[in-house]
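Reader: Hi! Could you walk me through this one before I set anything up?

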Amino acid sequence: MIYVMEFGPLRVAGSKGKQWVVFSVDLAPKGFSVLFTHMAPDQATARRAMSVQLGVQEARKVQCCESLGRFGQGRGWQVARAPLSVWRHAAVIHASLKLRDELGECAFTPELEELLRSSALFLLAKPWERPLAQSCHPLESGEIVGLFGANGVPGIAIVPSREAFERAQSRDPRLSALPDAVLVSVVPDDRDEFTKNAFGLGFSLGALRRRAGRAVQLSFDDAQLAAAVLREFAMGQVPAREASHGP
């Protein structure tokens, strides 16, 4: 079976104006797979492009989200509630478009989905409320992991030294000025229907990588390390992983 979802209009990082997104996935018993994704400045264009491509799938049953009900009626599409796997894919697309400049190669990947999943666990567990939560934790590589939340912006900072951690702990609003750091924020946001339906609670993900004083894109290693640290904090463990990325 095929499922089609749309959302928008969304302001996409690095582009002018807003965009509509329509995507389709195959919900075959053998596993979830993406079929087509279309993005256009107007809803009608994105819808038509999807309809044309799904036209060759006439023998397949197609379900769609409620907003596509009238459009899909004449095409034999049936309105149905989106499965969890569809919402999780939508959450990945939504976060990728919002943070396209910061995520780089991590956009639209399983690594980003795992980062989102770990962020939800982190937010649900509220580890920053535990005793000694604001202390720092060294990684095997010598880097330092800092946990934040008392300032109303839950998240973590992975920095190269204790001195850098103490600077961040001073609640300097210019955290982005840290010369070398991986910064991830997970801010509650009930308006985010994507994370709410995909992971059980709404939140807004923020991610920033700085290297030698410059903002650069997150690497796969950065995303994997951040996801692991968030998950371990959520489970009440002290992170002690080896960082695979350099300073």
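Author: Happy to. Pro9 is a good place to begin, as a residue of strand 1 (residues 2-11); helices (H or I, at least four residues) and strands (E, at least two) are DSSP runs, numbered from the N terminus. This is a predicted model, where local features need pLDDT of at least 70, side-chain atom pairs count only at pLDDT 80 or more, and totals for chains, interfaces and linings use all residues. Residues are numbered from 1 along each chain as its sequence is written, and side-chain values use heavy atoms, with hydrogens and water left out.

Reader: Cool. What kind of peptide bond joins Gly8 and Pro9?

Author: A cis one, with omega at about -5 degrees. For background, most peptide bonds are trans, and most residues other than glycine have a negative phi.

Reader: Which residue in the loop between helix 5 (110-125) and strand 6 (136-138) should I look at?

Author: Try Lys126, found in that loop. Lys126 is not a glycine, yet has a positive phi of about 50 degrees. Ala212 also has a positive phi, about 55 degrees, and is not a glycine either. Ala212 sits in the loop between strand 10 (203-211) and strand 11 (214-216).

Reader: And is Ala212 buried or exposed?

Author: Exposed, at 63% relative accessibility. Lys126 counts as partly exposed at 39%. The cut-offs are under 20% relative accessible area for buried, over 50% for exposed and partly exposed in between (1.4 Å probe, protein chains only).

Reader: Switching topic: how many residues does helix 1 have?

Author: Helix 1 (residues 43-54) has 12 residues and reaches 17 Å from its first C-alpha to its last, close to the 16 Å expected at 1.5 Å a residue. That expected span is 1.5 Å times one less than the number of residues.

Reader: Which residues of helix 1 are buried?

Author: Ala46, Arg47, Met50, Ser51 and Leu54. They cover an arc of only 135 degrees around the axis, so they lie on the same side of helix 1; the arc is that of the directions from the helix axis to the C-beta atoms.

Reader: What do those buried residues pack against?

Author: Strand 1, strand 2 (18-26), strand 3 (33-40), strand 4 (62-64) and helix 2 (69-73). Contact here means heavy atoms within 4.5 Å.

Reader: Anything to see in strand 2?

Author: Ser24 lies there and is buried, with a relative accessible area of 0%. Its contacts, leaving out residues up to four places away in sequence, include Met50 and Leu54, along with Val4. The C-alpha atoms of Ser24 and Val4 are separated by 4.3 Å, although the two are 20 residues apart along the chain.

Reader: Now helix 3 and helix 5: at roughly what angle do their axes cross?

Author: Roughly 100 degrees, and the axes of helix 3 (residues 84-98) and helix 5 come within 10 Å. Axes are lines fitted to C-alpha atoms, for helices over the stretch in contact, and angles run from 0 to 180 degrees between N-to-C directions. The two helices are therefore roughly perpendicular, a term that covers 65 to 115 degrees.

Reader: Which residues make the contact?

Author: Helix 3 gives Arg88, Ala91, Val92, Ala95 and Ser96, while helix 5 gives Leu112, Glu113, Leu116 and Arg117.

Reader: Last one: is Pro154 buried or exposed?

Author: Buried, at 4% relative accessibility. Pro154 is in the loop between strand 7 (144-148) and strand 8 (155-159).

Note on methods: Angles under 35 degrees count as roughly parallel, over 145 as roughly antiparallel, 65 to 115 as roughly perpendicular and the rest as oblique.
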